[in-house]
Amino acid sequence: QVQLVESGGGLVQAGGSLRLSCAASGRTFSTYSMGWFRQAPGKEREFVASIYWSGGNTYYTDSVKGRFTISRDSAKNTVWLQMNTLKPEDTAVYYCAVRTRPGSAYEYWGQGTQVTVSS
């Protein structure tokens, strides 16, 4: 089992920045990649960004490219999502998740942290 705890959400004005953190505990040695997802009210959960634990390759959804940066500290089992130039449409609950095998679905999820961007 892997336990994930997100933090760093809040209320920010459009154009502002927030930094989300996700701390993993438990069977963290099995981490293959970690990702950030978000779910806005009335919408389905969507992929935001991911990072591979070995090598650090990163991937982003098009709408956040150039604005968001995902990073990790393997020794601390922590992943961050730096969010700059925030827009009202970024408002959502943000979740981090862990995948333990290539090609598998994300198996472990955090409880989520609310990000609200006011216009």
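How many helices and how many strands does the protein chain have? It has 0 helices and 11 strands. The model is a predicted one. Along the sequence the pattern reads β-β-β-β-β-β-β-β-β-β-β.

## Overall dimensions

The protein chain has 119 residues and a radius of gyration of 13 Å, which agrees with the value near 14 Å for a compact globule. Its C-alpha atoms fill a box of roughly 40 × 25 × 25 Å along the principal axes. Buried residues account for 45% of the chain. The accessible surface is about 6,100 Å², and carbon and sulfur atoms contribute 47% of that area. Among contacts with a separation of 6 or more, 52% link residues 24 or more positions apart.

## Strand 1

Strand 1 covers residues 2-7 and includes Gln3. Side chains in a regular strand alternate between the two faces of the sheet. In strand 1, Val2, Leu4 and Glu6 form the covered face. Gln3, Val5 and Ser7 form the uncovered one. Gln3 is partly exposed, because its relative accessibility is 38%.

Strand 1 pairs with strand 3 (residues 18-26) in the antiparallel sense, over 6 bridges. Within this pairing, Val5 stands opposite Ala23. Gln3 touches Ala23, Ala24, Ser25 and Gly26, leaving out residues up to four places away in sequence.

## Strand 9 and its partners

Is strand 9 largely enclosed or largely open? It is largely enclosed by the rest of the structure, because 7 of its 8 residues are buried. Strand 9 has several antiparallel partners, listed here with one bridge pair for each.

| Partner of strand 9 | Bridges | Residues opposite each other |
|---|---|---|
| Strand 4 | 7 bridges | Arg38 and Tyr94 |
| Strand 11 | 3 bridges | Val93 and Gln114 |
| Strand 10 (residues 108-109) | 2 bridges | Val98 and Tyr108 |

Ala97 also belongs to strand 9. Its relative accessibility is 0%, so Ala97 counts as buried. Beyond its sequence neighbours up to four places away, Ala97 touches Leu4, Ser33, Met34, Gly35, Phe37, Tyr106, Tyr108 and Trp109.

Ser50 lies in strand 5. Ser50 counts as buried because its relative accessibility is 5%. Leaving aside neighbours within four places in sequence, its contacts are Met34, Gly35, Asn57, Thr58, Tyr59, Ile70 and Tyr106. Ala97 and Ser50 are 47 residues apart along the chain, and their C-alpha atoms are separated by 9.1 Å. Met34, Gly35 and Tyr106 are among the residues that touch Ala97, and they are also among the contacts of Ser50.

## The nonpolar core

Which residues have the most contacts inside the largest nonpolar core? They are Leu4, Trp36, Leu81, Met83 and Tyr94, in a core of 29 residues. The elements giving two or more residues to this core are strand 1, strand 3, strand 4 (33-39), strand 5 (46-52), strand 7 (68-73), strand 8 (78-83), strand 9 (92-99) and strand 11 (113-118).

Leu4 comes from the covered face of strand 1. Tyr94 has its own set of contacts, again not counting residues up to four places away in sequence: Glu6, Leu20, Trp36, Phe37, Arg38, Val48, Phe68, Leu81, Met83, Gly112, Thr113 and Val115. Trp36, Leu81 and Met83, included in that set, are also among the residues with the most contacts inside the core. Gln3 does not appear among the contacts listed for Tyr94. Gln3 and Tyr94 are 91 residues apart in sequence, with 16 Å between their C-alpha atoms.

## The disulfide

The structure holds 1 disulfide. Cys22 and Cys96 form it, with their sulfur atoms 1.9 Å apart. Cys22 lies in strand 3 and Cys96 in strand 9, so the pair ties together parts that are 74 residues apart in sequence. The torsion about the S-S bond is about 50°, so the disulfide is right-handed.

Are the two cysteines buried or exposed? Cys22 counts as buried, because its relative accessibility is 0%. Cys96 is buried as well, with a relative accessible area of 0%.

Technical notes:
Residues are numbered from 1 along each chain as its sequence is written. This is a predicted model: local features need pLDDT of at least 70, side-chain atom pairs count only at pLDDT 80 or more; totals for chains, interfaces and linings use all residues. Side-chain values use heavy atoms; hydrogens and water are left out. Helices (H or I, at least four residues) and strands (E, at least two) are DSSP runs, numbered from the N terminus. Buried means under 20% relative accessible area, exposed over 50%, partly exposed in between (1.4 Å probe, protein chains only). Contact means heavy atoms within 4.5 Å. Two strands pair if DSSP finds at least two bridges between them. A nonpolar core is a set of buried Ala, Val, Leu, Ile, Met, Phe, Trp, Tyr and Cys residues joined through side-chain atoms within 4.5 Å. A disulfide is a pair of cysteine sulfur atoms within 2.5 Å. The radius of gyration is taken over C-alpha atoms; the globule rule is 2.2 Å times the number of residues to the power 0.38. Accessible areas come from the Shrake-Rupley method with a 1.4 Å probe; for residues, only the protein chains shown count as cover.
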